[in-house]
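Open the model in your viewer and keep the selection tool at hand. We will go stop by stop.

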Amino acid sequence: MKTENKKEVVTTTDIKLAQKESYNALLSGNRQWVNEQLKADPDYFKKLAKGQSPGVLWIGCSDSRVPANQITSTKPGEVFVHRNIANVCSHSDMNMLSVLDYAVNVLKVKHVIVAGHYGCGGVAAALSHKQFGLIDNWLRHIKDVYRLHSHELDRITDNETKVNRLVELNVMEQAYNLCKTTIIQNAWKERSDLEVHGWIIDIKSGLIKDLKVTTGGPDILGYVYELNSEELAVH
Ligand SMILES: [Zn+2]
């Protein structure tokens, strides 16, 4: 019994040491990155500190395998980023709406990209009937996408194929959700250089697939979603 307890203590210590090492690795990794940047350009951080003017807003999944900058070979300052589980764009999410509003109206980005990825755990979880806790409420947004496209998805028998098709449909619906917001609709009234896109990252190849659902104006909006600011002013 004594030996068993001792073994357990050693194992816990090992885990704690490994945790500390992986934590410290982040800080040493940062110092290494800073040194590399300064070596290439001694004024790099002076320039970076002056401000940002990214041309793109990236709304992606929180999955650790799909970081916006690395995947698109862009540098700090080039992409404004919002990420959440399964890249959901909900009109009741103040976080997403605040990011979108700031990106569109202050930073004046020209491209808003919803970037999903094949094999998305959030989408796969939404396809199951298990309870995961609080996140079930978030995943409901994806179940709603399923319901909209159930005629197509119900016919797919292979689970991986079904998950990946729902990943694509989810990106399309979330991009469409962005177009329904007053933020995007009002911006389109003021300028013609704002586009909303839908992309998929194929983690198995690293390549991005453009779903070709790019929208640069309100034509695709169903009548029910059209919001007229002049009508508001009458009241
Ligand atoms: Zn994901």
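Start at helix 6. This is a predicted model, and in it the buried residues of helix 6 pack against helix 5 (121–127) and helix 8 (159–180). Select all three helices to see that packing.

Now show side chains on helix 6. Which of its residues are buried? Pick Leu139, His141, Ile142 and Val145.

Stay on His141. Besides being buried, histidine 141 marks a bend of about 30 degrees in helix 6. Next, take the ends of the helix, residues 135 and 148. From first C-alpha to last, its 14 residues reach 21 Å. That is close to the 20 Å expected at 1.5 Å a residue.

Move on to the sheet. How many strands form it, and in what order? There are 5, arranged 2-1-3-4-5 in an open sheet with mixed pairing. Select residues 79–84 for strand 2 and 208–210 for strand 5. These are the edge strands, each paired on one side only. Look across the sheet: neighbouring strands are turned by 25 degrees against each other on average, direction ignored.

Zoom in on strand 5 and its partner, strand 4 (residues 195–201). The two run antiparallel and are joined by 3 bridges. Select isoleucine 200, then lysine 209 in strand 5: they stand opposite each other.

Finally, zoom out and colour by domain. Domain 1 covers 1–50, and domain 2 covers 52–227. What separates their centres? Taken over C-alpha atoms, the distance between the centres of domain 1 and domain 2 is 32 Å.

Terms used. Residues are numbered from 1 along each chain as its sequence is written. This is a predicted model: local features need pLDDT of at least 70, side-chain atom pairs count only at pLDDT 80 or more; totals for chains, interfaces and linings use all residues. Two strands pair if DSSP finds at least two bridges between them. Helices (H or I, at least four residues) and strands (E, at least two) are DSSP runs, numbered from the N terminus. Axes are lines fitted to C-alpha atoms, for helices over the stretch in contact, and angles run from 0 to 180 degrees between N-to-C directions. Domain bounds come from an automatic or database domain assignment. The expected span of a helix is 1.5 Å times one less than its number of residues. The bend at a residue is the angle between axes fitted to the seven residues ending there and the seven starting there. A residue is buried if 20 or more other C-beta atoms lie within 10 Å of its own, exposed if 12 or fewer, and partly exposed in between; C-beta atoms are placed from the backbone. Two residues are in contact if their C-beta atoms, placed from the backbone, lie within 7 Å.
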